[in-house]
Amino acid sequence: MNDLETTSELTSDEKTMALLSHLSAFIFAIIGPALILVIKGKESKFVEFHAKQALLYQAVTLAINFVIILVVSFLTCGMCFPIFFLPFVTAIYGIVIGMKANEGKWVGYKGMETFGLPEGQELDG
């Protein structure tokens, strides 16, 4: 679609692909959102926005989690088992945003809400 989609104009396929862009990140890391961005991003600004959001969120949280786990493992000589659950905690936020995307809402991750947002499009509360 050339024009910006509103919630009523979004198809169920667009909503599903936006949801999958967030959820695929937990199985395929940054590859899932990147594939959806390449395959479906040109067809829908809504899917493109959510795929970019998921891709950035996964890249940032992957890097932060890696550094935290590496530092804590080094400082505790590898005895930091509870910290390995950190990626699962960040995944919960991705699921919440994915569910909102499936409802047709233009929402983004805190701190990076406007990344990939088409010009003239407003975020939903």
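This is a short talk through the helices, the cores and a few individual residues of the structure shown above.

Let me say at the outset that we are looking at a predicted model, so please hear everything that follows as a description of that model. The protein chain has 5 helices and 0 strands, and if you read along the sequence, the pattern is α-α-α-α-α. Of its 125 residues, 35% count as buried. The chain exposes about 7,400 Å², and carbon and sulfur atoms supply 71% of that area. As for how the chain comes back on itself, among the contacts between residues at least 6 apart in sequence, 61% join residues that are at least 24 apart.

Let me turn to how the helices pack, beginning with α4, which covers residues 45-75, and α5, which covers residues 86-102. Their axes come within 10 Å and cross at roughly 170 degrees, which makes α4 roughly antiparallel to α5. On the α4 side the residues that take part are F46, H50, Y57, T61, N65, I68 and I69, and they meet L86, P87, T90, Y93, G94 and A101 in α5. Sorted by class, this contact has 8 nonpolar and 5 polar residues, with no charged ones.

One residue of that contact, L86, sits in helix α5, and with a relative accessibility of 23% L86 counts as partly exposed. Setting aside residues up to four places away in sequence, L86 touches N65 and I68. The C-alpha atoms of L86 and F66 are separated by 9.8 Å, although the two residues are 20 apart along the chain.

The other pair I would like to show is α1, residues 12-23, with α3, residues 31-40, whose axes are 9 Å apart and pack at an angle of about 150 degrees. That angle makes α1 roughly antiparallel to α3. Here D13, M17, L20 and S21 in α1 meet P33, I36 and K40 in α3, and the residues of this contact divide into 4 nonpolar, 1 polar and 2 charged.

Now for the interior. In soluble globular proteins, nonpolar side chains tend to be buried together. In this model, the largest nonpolar core has 6 residues, namely L10, A18, F46, F49, A101 and W106. A second, separate core has 5 residues, among them Y57, I97, V107 and M112. If we follow one member of the largest core, A101, and leave out residues up to four places away in sequence, we find that A101 touches K15, A18, L19, H22, F46 and H50.

That last name deserves a moment, and you may ask: is H50 buried or exposed? H50 is found in helix α4, and because its relative accessibility is 0%, under the 20% cut-off, H50 counts as buried. Apart from neighbours within four places in sequence, H50 is in contact with A18, S21, H22, A101, K105, W106 and V107.

I will finish with Q53, which also lies in helix α4 and, at 0% relative accessibility, counts as buried. Again not counting residues up to four places away, Q53 touches H22, G108, Y109, M112, E113 and F115. From C-alpha to C-alpha, Q53 and P33 are 8.6 Å apart in space, while in sequence they are 20 residues apart.

Key: Residues numbered from 1 in each chain as written. Predicted model: local features only at pLDDT ≥ 70, side-chain atom pairs only at ≥ 80, totals over all residues. Heavy atoms only, no water. Core = buried A, V, L, I, M, F, W, Y, C linked by side-chain atoms within 4.5 Å. Buried < 20%, exposed > 50% of the residue type's maximum accessible area, 1.4 Å probe, protein only. Contact = heavy atoms within 4.5 Å. Axes fitted to C-alpha atoms, helices over the stretch in contact; angles between N-to-C directions. Helix = DSSP H or I, 4+ residues; strand = E, 2+ residues; numbered from the N terminus. Parallel < 35°, antiparallel > 145°, perpendicular 65-115°, else oblique. Nonpolar A, V, L, I, M, F, W, Y, C, P; charged D, E, K, R; others polar. Areas by Shrake-Rupley, 256 points an atom, 1.4 Å probe, with all protein chains shown as cover.
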